[in-house]
Amino acid sequence: MKRFTSLCFYFLAVMIFSQNTFAQDTSIYNKNQVFDPLFMTHDGTEFRSANGAPGPKYWQNSVNYSIHATLDEKDTVINGNVTINYTNNSPDELKYLWLQLDQNLFNPDSRGASTTLVTGDRFDVKGYKKGGYHIESATVIYKGKTYKIDPVITDTRMQLRLPFAVKPNGDKIDVKVQYSFSIPEYGADRMGRLYTKNGVVYQLAQWYPRMCVYDAIKGWNTLPYMGLGEFYCDYGNFDYYVTVPADMIVAGSGDLQNPEQVLTATEIKRLAEARKSDSTVFIVKEDEIGNKSTRPAQKGMLTWHFKMHNSRDVSWTASKAFIWDAARINFPSGKKGISMAVYPVESKGYNAYGRATQYLKQSIEFYSKTYFEYPWNSAVAVAGVALGMEYPGIIFCSYRIGKANLWHDITHEIGHNWFPMIVGSNERRYMWMDEGMNTFINGYASNSFNHGEYGDTSNRSILGMARTMMRAKDPLMTPPESMSLRDYGQYYSKTAVGLNILRNSVIGPDRFDYAFKTYIDRWAFKHPQPNDFFRTMNDAAGEDLNWFWKEWFYETWKLDQSVKSVKYVDDKAANGALITIENLQQMALPVTLHITEENGQSNEVKLPVEVWQRDSEWTFKYNSTSPITSVVLDPHGELPDINRNNNTWKSK
Ligand SMILES: [Zn+2]
């Protein structure tokens with residue numbers, strides 16, 4: 001999901017928290033809080049090893065979906081049925097199953113609606129009168145017998161109480177649900193309808209009942225969908241059919257199975273050209289929109305059939321207003337894929353979606369080369385009502401943006417295909433694990449795109465980070481529904497800045513990148529917890545970083561390093577200088593100093609974070625040869641120091 005930044009927050013923050021608000025002379029630093037021997041001391045288990053890898057008995061359940069859905073345009077309703085083939089790999093018997101009914105968020109009585117401010121918010125979950133699922137029937141098939149189940153529905157969850165128990169270690173059950181829902185116009189910024197000149201753009205997500213995850217941490221994960229907190233889904237194969245009016249084009253997650261039934265010969269030929277082309281090829285051009293020759297059937301409905309392998313979700317879009325273009329994706333293994341964009345005329349042109357296919361293609365190529373090869377064959381960017389929302393192989397971006405904003409939106413949303421679509425963390429509890437890691441990799445993608453055309457925003461301004469940290473009352477570990485809506489931007493920025501500090505100022509790029517990639521490899525298509533990330537980084541980089549995990553992710557501490565004094569051995573500069581630095585706030589980070597002498601010599605000195613294991617004050621000897629004229633802390637502005645006034649010492 002895209003970060004929603006409001007500049008006025010920054011201006012307000014600057015006004016309220018001028019740097020001196022936190023300025024102080026006496027240190028409140030406590031080394032035992034940072035280097036806490038009681039932090040993360042529990043043993044590894046047979047499910048999750050102490051080194052951060054999945055343990056020898058790690059398990060997760062698997063779930064295959066077969067879905068048939070019809071878009072009823074007159075009533076803006078989806079009618080569907082889903083067959084879920086569920087495998088219980090857990091060591092537990094399951095006497096009941098839990099499913100997510102995400103559409104119930106839009107019921108006016110939902111918990112999300114009840115907890116939305118009177119003034120509304122981005123997720124606009126005040127509900128609307130037709131909102132929510134209508135569950136027509138739920139049945140299960142177990143060992144050849146069919147059972148009709150009366151579902152127990154509470155808010156966005158549905159429990160199916162079984163008249164038997166699904167056995168542990170690989171037993172299977174099929175669940176069938178017949179359902180419908182009215183498509184909200186603005187679906188919590190994740191789906192909905194956009195009315196354009198040539199027709200409605202439907203963005204369909206959270207469009208079928210989905211299994212909750214049963215895991216070794218919480219059992220059934222049944223936190224309700226309330227707005228900000230996203231999703232947690234198991235992996236499996238999807239086989240889905242969407243039936244829409246014949247004049248619409250559909251794009252969806254995964255591979256289209258029946259092009260000859262839903263496309264014209266010209267479109268099939270153009271797609272084949274696009275699969276061989278690094279530059280963008282039109283499949284449907286602007287002047288062809290609404291043209292009868294672009295559709296194989298003129299009346300009635302057409303069914304589009306897609307399949308996606310080993311995914312945690314699928315979404316799709318449909319419209320008769322689409323321009324459609326595409327280009328080849330080149331993967332490191334030599335495999336080829338296809339990058340596509342569908343957008344209304346309102347979004348056309350080189351400064352807008354005319355480059356979307358390239359933004360998508362080059363993002364996927366970068367992430368595949370740098371982190372982990374994209375496991376699917378296609379991806380599509382859709383211009384519509386959602387500001388920015390990610391699904392496997394399909395992303396929904398705002399139809400109104402262009403240039404750098406569109407690049408950043410596309411590279412962010414498709415970046416989510418690595419976090420959390422490949423590395424399947426629990427978004428509803430740990431929003432930093434997907435938004436933050438994604439924002440971190442987005443910065444490197446932006447650096448690499450077209451010789452830095454749009455630059456790196458991952459580190460934004462470190463001063464802005466310091467101000468965010470001064471304001472924030474909630475640590476990164478706070479679950480989304482408890483995080484202040486004013487502060488949720490830190491899931492993105494604070495995490496990304498923290499990972500960059502670890503990479504560039506603490507352990508260095510080589511050790512960081514190796515450990516970070518180890519984390520991705522270990523947890524691809526699995527469900528990591530925060531500790532699995534922390535332990536993998538500690539273990540693969542070979543550094544006990546618990547002090548950092550604690551201060552950065554669990555606390556709202558701030559950083560204020562200062563230069564206290566400069567003295568000379570026996571009062572002679574030629575004998576060397578004794579420089580004293582101080583750590584005034586609760587956070588500890590390594591130290592970089594730039595020292596300049598009267599004779600023109602200057603040097604950079606780096607001190608490890610371990611100097612702060614001693615105390616809040618540290619004196620080190622610098623081999624000066626002439627009087628020192630200045631000492632500057634954090635000369636490259638890498639750290640979110642809240643008071644830079646005390647970072648520089650000058651000789652008169
Ligand atoms: Zn996001």
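Helices are DSSP runs of H or I with at least four residues, numbered from the N terminus. On this basis, His451 is placed in the loop between α8 and α9. The model described here is predicted. In it, the phi angle of His451 is near 55 degrees, a positive value in a residue other than glycine. A further backbone feature occurs in the loop between α7 and α8, where Pro420 lies. The peptide bond joining Phe419 and Pro420 is cis, with omega about 20 degrees.

The metal site was examined next. The zinc ion is coordinated by the N and O atoms of Met1, by NE2 of His412, by NE2 of His416 and by two OE contributions from Glu435, at 1.9 to 2.8 Å. Along the chain, these donors follow the spacing M-x410-H-x3-H-x18-E. Distant parts of the chain are thereby linked: Met1 belongs to the segment before α1 (7-16), whereas Glu435 belongs to helix α8 (residues 431-448), and the pair is 434 residues apart. The angles subtended by the six donor atoms around the zinc ion run from 52 to 158 degrees, and the arrangement is therefore irregular. For reference, ideal angles for six octahedral donors are 90 or 180 degrees.

The packing of helices was then considered. Two packed helices are described by the angle between their axes and the distance between the axes. For helix α6 (residues 356-370) and α7, the angle is about 45 degrees and the axes are 9 Å apart. The two helices, α6 and α7, are therefore oblique to each other. Their crossing, in which α6 passes α7, is right-handed. On the α6 side the contact is formed by Ala356, Tyr359, Leu360, Ser363, Ile364 and Tyr367, which meet Lys403, Leu406, Trp407, Ile410, Thr411, Ile414 and Gly415 in α7. The residues of this contact comprise nine nonpolar, three polar and one charged.

Helix α7 (residues 403-415) also packs with α8; their axes come within 9 Å and cross at roughly 130 degrees. This pair, α7 and α8, is therefore likewise oblique. The crossing of α7 past α8 is right-handed. From α7, the residues Trp407, His408, Thr411, His412 and Gly415 meet Glu435, Asn438, Thr439, Ile441, Asn442, Ala445 and Ser446 of α8. By class, the contact of α7 with α8 holds three nonpolar residues, eight polar residues and one charged residue. Among the participants, His412 and Glu435 take part in this contact and also serve as donors to the zinc ion.

Nearer the C-terminal end of the numbered helices described here, helix α9 (residues 462-471) packs with helix α10 (residues 489-506) at an angle of about 120 degrees, the axes being 11 Å apart. This angle makes α9 oblique to α10. The crossing of α9 and α10 is left-handed. Ile462, Met465, Thr468 and Met469 are the α9 residues in the contact, and they meet Gln490, Ser493, Lys494 and Val497 in α10. The contact of α9 with α10 divides into four nonpolar residues, three polar residues and one charged residue.

Notes:
Residues numbered from 1 in each chain as written. Predicted model: local features only at pLDDT ≥ 70, side-chain atom pairs only at ≥ 80, totals over all residues. Heavy atoms only, no water. Axes fitted to C-alpha atoms, helices over the stretch in contact; angles between N-to-C directions. Parallel < 35°, antiparallel > 145°, perpendicular 65-115°, else oblique. Left-handed = near helix turned anticlockwise from the far one by under 90°. Contact = heavy atoms within 4.5 Å. Nonpolar A, V, L, I, M, F, W, Y, C, P; charged D, E, K, R; others polar. Donors = N, O, S within 2.8 Å, 3.2 Å for Na, K, Ca; no water. Tetrahedral: all angles 85-135°; square planar, octahedral: opposite > 155°, others 65-115°.
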